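Student: I have a structure open and would like to test the labels people attach to it. Could we go through them one by one?

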Amino acid sequence: MEKAQAYIRIQELRDMINEANRRYYVENSPTLSDYEFDMLLKELEALENEHPELITPDSPTQKVGSDLKVSGKPQKEFEQFPHRYPMLSLGNTYDITEVQAFADRASKGIGNSFTYSCELKFDGTAISLTYENGKLLRAVTRGDGESGDDVTANVRTIGSVPLRLRGEGYPSIFEIRGEIIMPYASFERLNREREAAGEAPMANPRNAASGTLKQQSSQVVAHRGLDCTLYQLAGEGLPSESHWQNLEAARSWGFKISEH
């Protein structure tokens, strides 16, 4: 196929595969059978092999867990990358009076009324995703709050993390933060595999998620079935001053946002 025709077909295939991934991992309402999805992916892989100059980091073929990325170099260690905005840990309390005291301090500091957005807390490992012009640029762990590990290659394999956003209205560059988790089904399968291999089972899904994200092989990460739920946007030019409305906008861009 000529390059111009290949380029058009490659864009069509990427759009179809990205939408199928979103419907499967984010909406939980698949539109394609496994066979149909695999055939689209194989066609895309064949065209990209025929025209390697058309391969881009946001292509769905870069999501399947290959250790040989666009650079052609396997990842051997994680580089440290600074956070543009500090990535702080969450506080907690078991006393309602401490919650009221926090509300009083916040009201006094802000100087006007405000509302709360209450959400479930996911227990995994914190992640910050940076998008530029609608494409995933970088994924960084919390680390010490000032900088963390660049785990972009591994995060690309997570089905619920979009490599390219849909819709419109997103800033040219922004961060979205959340939690990478290991669902119970993936955790139970992992421990069955470890026990069958004579290895000690992982203690809990949180440790399993964290340990998986630090694997040097993105093929291993892809196999383990991680998930990602996002809960905070950071950056300039966000759609709204409302946390809730920003999350709803992020949902429309293809991110997995909790329904709770």
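## Labels and the values behind them

Tutor: Gladly, and let us start with helix 3, residues 96–110: its 15 residues should span 21 Å at 1.5 Å a residue, and its end C-alpha atoms are 21 Å apart, which agrees. Keep in mind that this is a predicted model.

Student: What follows helix 3?

Tutor: Glycine 111 comes after helix 3, and its phi is positive, near 85°.

Student: Why is serine 107 called partly exposed?

Tutor: Serine 107 lies in helix 3. Its relative accessibility is 34%, and partly exposed covers values between 20% and 50%, so serine 107 counts as partly exposed. Leaving out residues up to four places away in sequence, serine 107 touches Asn112 and Phe114. From alanine 4, serine 107 is 103 residues away in sequence and 59 Å away in space, C-alpha to C-alpha.

Student: Why does leucine 163 count as buried?

Tutor: Buried means under 20% relative accessible area, and leucine 163 has 2% relative accessibility, so buried is the right word. Leucine 163 sits in the loop between helix 4 (152–155) and strand 5. Its C-alpha is 8.1 Å from that of proline 57, although the two residues are 106 apart in sequence.

Student: And what makes asparagine 133 exposed?

Tutor: The cut-off for exposed is over 50%; asparagine 133 reaches 55% relative accessibility, and therefore counts as exposed. Asparagine 133 belongs to the loop between strand 2 and strand 3.

Student: What is the phi of asparagine 133?

Tutor: Phi there is near 50°, a positive value in a residue other than glycine.

Student: How do you know that isoleucine 173 is partly exposed?

Tutor: Isoleucine 173 has a relative accessible area of 32%. Partly exposed lies between the 20% and 50% limits, so isoleucine 173 is partly exposed. You will find isoleucine 173 in strand 5, in contact with Arg84, Thr130, Tyr131, Glu132 and Glu236 once neighbours within four places in sequence are set aside. Arginine 189 is 16 residues from isoleucine 173 along the chain, and 37 Å separate their C-alpha atoms.

Student: Now the helix pair. How do helix 1 and helix 2 cross?

Tutor: The axes of helix 1 (residues 3–26) and helix 2 (residues 34–50) come within 10 Å and cross at roughly 145°. The crossing is left-handed.

Student: Which residues of helix 1 and helix 2 meet?

Tutor: From helix 1, Ala6, Arg9, Ile10, Leu13, Arg14, Met16, Ile17, Ala20 and Asn21 meet Phe37, Leu40, Leu41, Glu43, Leu44, Leu47 and Glu48 of helix 2. By class, the residues of this contact are eleven nonpolar, one polar and four charged.

Student: Which residues of helix 1 are buried?

Tutor: Among them are Ala6, Ile10, Leu13 and Ile17, together with Arg14 and Asn18. Helix 2 is part of what covers the buried residues of helix 1.

Student: Which members of the largest nonpolar core touch the most others?

Tutor: That core has 32 residues, and Ile127, Leu129, Tyr131, Val155, Ile176 and Phe255 touch the most other members. Elements giving two or more residues to it include strand 2 (125–132), strand 3 (135–141), strand 5 (173–181) and helix 5 (184–196). Another core, of nine residues, lies apart from it, with Ala6, Ile10, Leu41 and Leu47 among its members.

Definitions and conventions: Residues are numbered from 1 along each chain as its sequence is written. This is a predicted model: local features need pLDDT of at least 70, side-chain atom pairs count only at pLDDT 80 or more; totals for chains, interfaces and linings use all residues. Side-chain values use heavy atoms; hydrogens and water are left out. Axes are lines fitted to C-alpha atoms, for helices over the stretch in contact, and angles run from 0 to 180 degrees between N-to-C directions. Helices (H or I, at least four residues) and strands (E, at least two) are DSSP runs, numbered from the N terminus. A crossing is left-handed if the near helix is turned anticlockwise from the far one by less than a right angle, and right-handed if clockwise. Contact means heavy atoms within 4.5 Å. Ala, Val, Leu, Ile, Met, Phe, Trp, Tyr, Cys and Pro count as nonpolar, Asp, Glu, Lys and Arg as charged, and the others, Gly among them, as polar. Buried means under 20% relative accessible area, exposed over 50%, partly exposed in between (1.4 Å probe, protein chains only). A nonpolar core is a set of buried Ala, Val, Leu, Ile, Met, Phe, Trp, Tyr and Cys residues joined through side-chain atoms within 4.5 Å. The expected span of a helix is 1.5 Å times one less than its number of residues.
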